[in-house]
Amino acid sequence: MTAELVRGQNHALDRTRVEIRITAGGPVVAAVTLGDAQGRLPGTEAVAHPGAPRRTGIEVPRQAAAEHRLAVDLGALPDAVHRVSVLLALPTGIGALTTFGAAAPPSVRVTDLDGTGLAGYTLTGLGAESAVVAVELYRRAGAWKVRAVGQGYADGLAALLRDQGLPQAAELAAEIEEAVGRGHARAVPAPAPAAASRPDGHAAPQPPAPDTTTPPAADRAAAAPPAPSDGHSAHAPAEHGPSVHAPSAHGPGPTAPTAEGATSTAPPAGAPVDYRHPKRRATPAPATPTPPVGAPGDPVSPASPPAPSLPVAGDAAGWSMEERLYNQVWGMFEDLTRSVAAYRSAFDFAESRLEQELDTALSDPRNRLGTAADAARATARDKHAALVTQARAALDRDLAQLAAESEVVEPALPPAFARWDSPVWQAHRSAQERPMALRLGDLHLPEVRDLRIPMLVRLPLERGLWIDCGPDTYAWRGPDPDRAYARRELGSALTDGPPDEAELRRLSLETAVALAARMLAVHPAGEFAVQVIDPGGTALPALAPLLETGVLPAAPVPGAQGVATVLEGLTRRVDLVQMAVRSRAADALPPDVDTADQLLIVHDFPHGFDDRAVTRLRYLADEGPAVGVHLLMVADRAQAREYGPVLDPLWRSLLRITPVPDAHLVDPWVGHTWTYEPPLAPRGSQVVRQVLARVAEARRERRS
Amino acid sequence: MSVNLSKGQGISLQKSDGGTLTAVRMGLGWRSAPRRGLFGRRTNEIDLDASAVLFAGRQPIDVVFFQHLVSDDGAVRHTGDNLVGGAGQGGDDEAILVDLARVPVHIDQIVFTVNSFTGQSFAEVQDAFCRLVDETTGEELARYTLTGGGDYTAQVMSKVHRTATGWQMTAIGEPSVGRTFQDLVPAILPHL
């Protein structure tokens, strides 16, 4: 199985004879450098390039092409070689590409000799670079590993080689250029007379036909020959003359994107497609135009200090994009936790030191007279302020990084991870496979109210959910800036007075419906169903979206009768599926057992529940998750008080979430208290209803 | 190139081109006790532990050791407890990674210590060493050979501390006695 790497990631290689397959959006030169343990090159003999394609254990192609295969025998390499870097460079003479950003990103695959993929890496995010270290194979503790590097150089191959410590970098780069030019001239069949081939060279695409009547050197010095794919480029050098630019000759040019992406910056039709992200800041050119200080071969001259890398969505380990995003979100969660922990610990230290120093100043009898005490106090306060400022600066630096990451990650999240206002929900039709996790809401800390971390929990849910609608738990306990913020920014129902019970109940049900809709939508049609227990019938208005779209076939039966029926049905399902799983006889289930995962929404607990029903509910909470029956309680714990401590294990086994932002969840690393915010759709938005309509539609399609 | 440090010698963690070090690793390696006899599991296994104590002023703020593998701020990470040691071929059996750029601003010293949890003195442990490595290049900055260091069960190895321009490492190399880092605090304090 191929491991898709992201920049910086590495992967162990379990064999030493491998092939490296390169695919690029245009002709590129492939070369390999053999560095020592520090990555430095002892001399030009450590570079396998088109001019000298064979080195011990390595062979590279002799010419530029859009696809390459490099044979590498790591076992045959000299012991001094620790790092094998695979370079790609754009030839200057041939091919119209001058930067990697102007074509589709190149991709590199490390494969077995029979083509079985071991690792792959796509070099996204390149801009003005014309040479790039794509991947490197390196020795680590006696074994070889491959690392995705993707370090680009705007100043081309010479800068790249110089950075690897090669003294004769410029000469070697020139030599490679020349060899590529020679190879190119050799590879192209003798063309028809230039005068005849030129004018219609665009009407009928044919292999790049440089004017081979001129010597190769002159060929490179002259303009690029008309490469078929890029010949109609607006960027084509002017030497080709306007005659080849008749727009009719190449028919309808690449149509500019007509969707909302077409802004005033849309390229003129006919220009090559620019693969660079329109909004993302251009990568700062890694190699500055100023020549490196010191001698050209100075091994320590920092030719390209790696700039702080731009955040990329999916920049984490994982086999699929979904898993990578999941890991990335958890990584951001941990980073934010730890950054804030650092800030809090520095702040607390500053506070305690200030207190201590003020105490010392106060108790020192020498300070009783004169201004010494004032001076000591002022010094202590200054020290405190300086440390707090410093800590805040460090926090702000981390937050800026995380905010930038959040900005690219949020839009990339798949529906199961996305907020309701994300465009992916508008485009969502039906899921093909079960997601690995679900966004249960957002988390944030009081220091950083505007940076939201998606709270992702793995599916299937390991424990049930409990939406706490009891007003007592939200009683006002004092001025709370978090609450004020939630009211102002999020329309929270929490007031400074006693919370409005009816409003809390309404929001609780809305949260339950939003969660149910989300789970229904991200599961493939027919693999997830919702059942509702609502003995009082008070949830009907809130359940309207589920009922009207037909996702919930019928309104819940009121009274104890309805409670008993639903619980009995689910208990039977849990029992039968458990039995089938234990005896490995899944096909022996009776046909009326619904094998879809079930979400049971319990409203109005414990109204309508007798002891038997409570026991069944507890049984479902314990045994259900393992066989796909999940519990979602909308309840006020105070109302079930008469059951006494019997129900405590039930409440403890459920994950408590709240219909209004409330600080009650604790992270697993440091133990900050995080404010949870429920996953409600924006006010007035119809997205939940639309999503449910599509779920119903997908179910109908599946049945027909 | 590794510097075999002597006690109290300091090296600045600045690179020759002016860039400061950003990540260091404290590595600890030793050879596991030889197995002999019929009941191999009865041989005395040797468990050395590496710890890092983070100080603000002279006040310990956080400790990274085998029961608390990551400092609260995430800057210092222990790669996990090794209870038996390795093959003694020079590899690290326990390592503590420090991301210096991320160390909270009030932490000004990080002290690395080694303890023999099972109580063997360093004289009895074969091929025991601890070292400090520049994690970005893999270059060894300092190394202590613990084996043959006498009848001690602990060592305050070195400290990295803030200076006006960046981080600097000072070798301490103070032998001591103790089971975990808590026993070493009195030995550490004079070096802060």
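Colleague: Where in chain A does Gly608(A) lie?

Modeller: Gly608(A) is found in the loop between strand S17 (597-605) and helix H12 (611-623) of chain A; helices (H or I, at least four residues) and strands (E, at least two) are DSSP runs, numbered from the N terminus. The model is a predicted one, in which local features need pLDDT of at least 70 and side-chain atom pairs count only at pLDDT 80 or more, while totals for chains, interfaces and linings use all residues. Residues are numbered from 1 along each chain as its sequence is written, and chains are lettered from A and ligands numbered from 1 in the order in which they are written.

Colleague: Why is Gly608(A) called buried?

Modeller: Gly608(A) has 20 other C-beta atoms within 10 Å. A residue is buried if 20 or more other C-beta atoms lie within 10 Å of its own, exposed if 12 or fewer, and partly exposed in between, with C-beta atoms placed from the backbone. The count for Gly608(A) meets the first cut-off, so this residue is buried.

Colleague: Which residues does Gly608(A) touch, not counting residues up to four places away in sequence?

Modeller: Gly608(A) touches Pro535(A), Gly559(A), Ala560(A) and Val563(A); contact requires C-beta atoms, placed from the backbone, to lie within 7 Å. Gly559(A) is 49 residues away along the chain, yet its C-alpha atom is separated from that of Gly608(A) by 5.8 Å.

Colleague: How do helix H11 (residues 559-582) of chain A and H12(A) cross, and at what angle?

Modeller: Their axes come within 10 Å and cross at roughly 40°. Axes are lines fitted to C-alpha atoms, for helices over the stretch in contact, and angles run from 0 to 180 degrees between N-to-C directions.

Colleague: What makes the crossing of H11(A) and H12(A) left-handed?

Modeller: A crossing is left-handed if the near helix is turned anticlockwise from the far one by less than a right angle, and right-handed if clockwise. The crossing of H11(A) and H12(A) is left-handed because it fits the first of these two cases.

Colleague: How do the residues of the contact of H11(A) with H12(A) divide?

Modeller: On the H11(A) side they include Val563(A), Leu567(A) and Gln578(A), and on the H12(A) side Arg616(A), Leu620(A) and Glu623(A) are among them. The residues of this contact divide into nine nonpolar, two polar and two charged. Here Ala, Val, Leu, Ile, Met, Phe, Trp, Tyr, Cys and Pro count as nonpolar, Asp, Glu, Lys and Arg as charged, and the others, Gly among them, as polar.

Colleague: Why does Arg584(A) count as exposed?

Modeller: Arg584(A) has 8 C-beta neighbours inside 10 Å. This falls within the limit for exposed residues, so Arg584(A) takes that label. Arg584(A) lies in the loop between H11 and S17 of chain A, and has a positive phi of about 50° although it is not a glycine.

Colleague: Why does Asp127(B) count as partly exposed?

Modeller: With 17 C-beta neighbours inside 10 Å, Asp127(B) falls between the two cut-offs and therefore counts as partly exposed. Phi of Asp127(B) is also positive, near 50°, in a residue other than glycine. Asp127(B) is placed in the loop between S7 and strand S8 (129-134) of chain B.

Colleague: What makes strand S7 (residues 109-116) of chain B and S10(B) a pair?

Modeller: Two strands pair if DSSP finds at least two bridges between them. S7(B) and S10(B) have seven bridges, so they pair, and they do so in the antiparallel sense. Within S10(B), Ser158(B) is the bridge partner of Phe112(B). Ser158(B) also has the bridge partner Ala171(B) in S11(B). S10(B) and strand S11 (residues 167-176) of chain B are joined by eight bridges, again antiparallel, and form a hairpin with four residues between them.

Colleague: How do you know that strand S10 (residues 154-162) of chain B is mostly covered?

Modeller: Seven of its nine residues are buried.

Colleague: Which strands form the open sheet in chain A?

Modeller: Four strands form it, in the order S14-S13-S21-S20, with antiparallel pairing. Strand S14 (448-458) and strand S20 (662-666) of chain A are the edge strands, since each pairs on one side only. Neighbouring strands of this sheet are turned by 50° against each other on average, direction ignored.

Colleague: Which peptide bond joins Leu459(A) and Pro460(A)?

Modeller: A cis peptide bond joins them, with omega about -10°. Pro460(A) is in the loop between S14 and strand S15 (465-468) of chain A.

Methods
Contact = placed C-beta atoms within 7 Å.
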